[in-house]
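Biologist: I would like to learn how to read a protein model. Could you take me through this one step by step?

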Amino acid sequence: MIETCPRRRMITGISFLVILTTLVLIIESRWTGSPKPKHFVIENNSTCWMKEEYEIIQDCHPCSAFEIASKIKGVCIHTHNKEVLRCKSGETVSRSCDKVAWMDKRNFWTFESILCIVGILSTLVSFYRQKLLDKKVMMRIHRQLHQSV
């Protein structure tokens with residue numbers, strides 16, 4: 001069916017879909033409010049990081065399987081991720097965190113790689129199929145010419 005569609009109609013359809021997608025993204029970004037601040041569990045109920053300046057010693061990273069299973073650290077129960085902070089007073093505190101940056105990055109590139117591979121395979125299958133169809137047409141023409149002679 002798509003083979004019989006004129007070029008002008010295809011370009012019009014694709015343009016309509018691009019405009020519709022852009023419009024939906026704009027409307028969605030306006031209607032969705034900002035997310036509510038999440039309150040994560042803090043180890044030993046210390047809130048020094050809320051009252052004073054702090055520095056992040058270890059960025060957000062996944063808890064070990066032992067920490068999650070044993071529930072020794074309360075911060076690992078909810079999100080299975082933690083980050084270690086040092087308050088200005090010198091106290092070291094672990095708190096839950098939402099996302100691990102390097103894992104999100106890895107998942108994104110894995111997803112992109114899979115899409116690229118699927119795209120390349122689809123293109124190769126499409127070229128192969130077109131080659132077979134062209135060969136069939138040529139055989140049919142050859143047969144018709146051979147019968148008419």
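**Reading the disulfides and the fold**

Modeller: Let's begin with a twist: the torsion about the S-S bond of Cys-48 and Cys-87 is about 70 degrees, so this disulfide is right-handed. The pair links distant parts of the chain, with Cys-48 in helix α2 and Cys-87 in strand β2, 39 residues apart. Please keep in mind that this is a predicted model, where local features need pLDDT of at least 70 and side-chain atom pairs count only at pLDDT 80 or more, while totals for chains, interfaces and linings use all residues. Residues are numbered from 1 along each chain as its sequence is written, and side-chain values use heavy atoms, with hydrogens and water left out.

Biologist: What is a disulfide, and how many disulfides does a search of the whole structure find?

Modeller: A disulfide is a covalent bond between the sulfur atoms of two cysteines. Here the term is used for a pair of cysteine sulfur atoms within 2.5 Å. The search finds 3 disulfides. For Cys-48 and Cys-87, the S to S distance is 1.8 Å.

Biologist: Which residues form the other two links?

Modeller: One joins Cys-60 and Cys-97, with sulfur atoms 1.9 Å apart. With 90 degrees about its S-S bond, that link is right-handed. Cys-60 lies in strand β1 and Cys-97 in the loop between β3 and α5, so the pair ties together parts that are 37 residues apart in sequence. Another joins Cys-63 to Cys-76, S to S 2.1 Å. Its torsion is about -85 degrees, so the disulfide of Cys-63 and Cys-76 is left-handed. Counting bonded cysteines along the chain, the pattern is 1-5, 2-6, 3-4.

Biologist: How do I tell whether a cysteine is buried or exposed?

Modeller: Look at relative accessible area: buried means under 20%, exposed over 50%, and partly exposed in between (1.4 Å probe, protein chains only). Cys-48 and Cys-87 are both buried, and so are Cys-60 and Cys-97. Cys-63 has a relative accessible area of 9% and is buried, while Cys-76 is buried at 0%. By contrast, Cys-5 is partly exposed at 24%, and Cys-116 is partly exposed at 44%.

Biologist: Which residues make up the largest nonpolar core?

Modeller: A nonpolar core is a set of buried Ala, Val, Leu, Ile, Met, Phe, Trp, Tyr and Cys residues joined through side-chain atoms within 4.5 Å. The largest one has 5 residues: Cys-48, Trp-49, Leu-85, Cys-87 and Val-93. Two or more of these residues come from α2 (48-51) and likewise from β2 (81-87).

Biologist: How many helices and strands are there?

Modeller: Helices (H or I, at least four residues) and strands (E, at least two) are DSSP runs, numbered from the N terminus. The protein chain has 5 helices and 3 strands. From the N terminus on, their order is α-α-β-α-α-β-β-α.

Biologist: What does the radius of gyration of the protein chain say?

Modeller: This value is taken over C-alpha atoms, and the globule rule is 2.2 Å times the number of residues to the power 0.38. Here the radius of gyration is 29 Å, well over the 15 Å that the rule gives for 149 residues, so the chain is more spread out than a compact globule. The C-alpha atoms fill a box of roughly 100 × 40 × 20 Å along the principal axes. Buried residues make up 14% of the 149 residues.
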